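This briefing is meant to be read slowly, with the sequence and the three-dimensional view side by side. Please look for each named part in the view before moving on to the next point.

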Amino acid sequence: LFASASNADVPNVVTDIAPTHSLVSMIMKGIGEPKLLMKPNENPHDYRLRPSKAKALEQADIVFWIASGLTPSLVKTIPNIANSAESVELIKLEGTEILYMRENVAFVEDDHGHGAEHDEHDEHDEHDEHDEHDEHDEHKTVDPHAWLSINNGLNWLDKIANKLSILDPENKNQYQKNAQLAKLELSQTGKKIEKMLASKNDGNFLVYHDAYQYFEKSYNISPTGAVQLGDATDPSPAELIVLQNKVKELKIQCVFTNPQIDPRLLGSIFNDLNLEISTLDPIGIGLELGYNQYNNLLLEMGKAIAKCLKK
């Protein structure tokens with residue numbers, strides 16, 4: 001009876017994607033379990049709420065989600081369905097490192113004429129919760145893949161623990177203890193990745209879709225270019241010739257794709273170029289959900305880059 005009464009007081013917590021779910025699971029260990037809206041294989045950019053998930057939102061006391069630029073549908077869904085819940089958009093929390101979408105990493109031009117060279121001077125900023133930063137301003141768009149920065153993960157663990165401690169003061173000490181342990185484990189993960197990638201910062205590689213700059217910046221690596229910019233369409237036959245010539249000219253070692261890209265498309269682009277083709281998965285499809293998912297996600301990305309850039 002005592003346990004049931006205690007559990008009844010634990011907040012109902014909802015999260016958007018698997019990495020957010022993992023961060024919150026670390027903080028709630030031994031206390032409760034957060035609910036996950038999106039399966040790892042669902043595309044957050046065009047996510048539509050399933051009826052089975054609407055009930056979780058209706059009952060939520062707090063919703064942790066990454067950014068409106070990642071899941072635009074949640075901008076209206078959360079206030080409409082979870083209208084009594086606190087909405088915590090992690091990318092807007094104080095201390096979050098913000099990077100902006102790069103406009104000149106593509107080897108082929110997009111519809112706006114961008115492309116050709118990689119810009120090593122990415123603009124970035126730190127979000128203050130009192131700032132009026134928007135996801136879109138006059139000149140630049142926030143890159144929403146901010147969970148791929150390990151420093152953001154460390155910062156958010158504290159912020160999540162503080163939010164839950166206010167909602168559930170009886171478990172405050174446990175939330176704070178969990179945060180300290182989770183930060184220690186995540187820091188150790190970061191050191192392992194640093195060791196893996198210590199000699200890889202001069203490797204020539206491509207990304208198919210430019211979505212990994214938070215991870216790149218964390219470990220001082222940088223792609224030579226991208227096949228796509230943002231949501232650009234696949235390159236035309238003429239653009240493929242430009243891309244293939246660039247790959248030969250710059251002696252690219254490997255290309256990283258994501259799980260949604262058809263490997264046959266990559267074969268048509270990179271056949272006969274003596275390239276390693278590997279996958280970088282920013283969500284963690286196939287990884288076990290929960291406490292260890294976020295650490296394992298970052299580790300798997302580090303291993304993939306280290307293996308593809310082996311000398």
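Helices and strands are here DSSP runs, numbered from the N terminus, where a helix (H or I) needs at least four residues and a strand (E) at least two. Counted in this way, the secondary structure of the protein comes to 10 helices and 10 strands. The model is a predicted one, and the points below therefore begin with the confidence of the predictor, which is given for each residue as pLDDT on a scale from 0 to 100.

**Confidence**

- The protein has a mean pLDDT of 83, and 81% of its residues reach 70 or more.
- Over residues 1-6 the pLDDT is below 50, and apart from near neighbours in sequence this stretch has 0 contacts in the model.
- Residues 127-136 also have a pLDDT under 50, although for this stretch the model has 25 contacts beyond four places in sequence.

**The chain as a whole**

- The protein has 311 residues, and 51% of them count as buried.
- Its accessible surface comes to about 15,500 Å², and carbon and sulfur atoms account for 47% of that area.
- If one takes the contacts between residues at least 6 apart in sequence, 69% of them join residues that are at least 24 apart.

**An open sheet**

- Four strands form an open sheet with parallel pairing, and their order across the sheet is 2-1-3-4.
- Strand 2 (35-36) and strand 4 (86-89) are the edge strands, and each has a single partner strand, so one side of each is left without a neighbour in the sheet.
- In general, the strands of a sheet pair through backbone hydrogen bonds, and the pairing may be either parallel or antiparallel.
- Strand 3, which covers residues 62-65, pairs with strand 4 in the parallel sense over 4 bridges.
- Within this pairing, V63 stands opposite S87 of strand 4.

**Salt bridges**

- The count of salt bridges comes to 8, and three of the pairs involved, K217 with E97, D210 with R102 and K183 with D158, are described here.
- K217 and E97 form a salt bridge in which the closest N and O atoms are 2.8 Å apart.
- This pair links distant parts of the chain, with K217 in helix 7 (residues 213-218) and E97 in strand 5 (residues 96-99), 120 residues apart.
- K217 is partly exposed, with a relative accessible area of 40%, whereas E97 counts as buried at 13% relative accessibility, because buried means under 20% relative accessible area.
- The side chains of D210 and R102 meet in a salt bridge with an N to O distance of 2.5 Å.
- D210 lies in the loop between strand 7 (205-209) and helix 7, while R102 lies in the loop between strand 5 and strand 6 (124-127), so that this pair too links distant parts of the chain, 108 residues apart.
- Both D210 and R102 are buried.
- K183 and D158 form a salt bridge, and their closest N and O atoms are 2.7 Å apart.
- K183 belongs to helix 6 (residues 172-197) and D158 to helix 5 (residues 150-167), so the pair ties together parts that are 25 residues apart in sequence.
- K183 is partly exposed, with a relative accessible area of 22%, and D158 counts as partly exposed as well, at 23% relative accessibility.
- Through salt bridges that share partners, R102, D210 and E216 are joined into one network.

Note on methods: Residues numbered from 1 in each chain as written. Predicted model: local features only at pLDDT ≥ 70, side-chain atom pairs only at ≥ 80, totals over all residues. Heavy atoms only, no water. Pairing = 2+ DSSP bridges. Contact = heavy atoms within 4.5 Å. Buried < 20%, exposed > 50% of the residue type's maximum accessible area, 1.4 Å probe, protein only. Areas by Shrake-Rupley, 256 points an atom, 1.4 Å probe, with all protein chains shown as cover. Salt bridge = Lys/Arg side-chain N within 4 Å of Asp/Glu carboxyl O.
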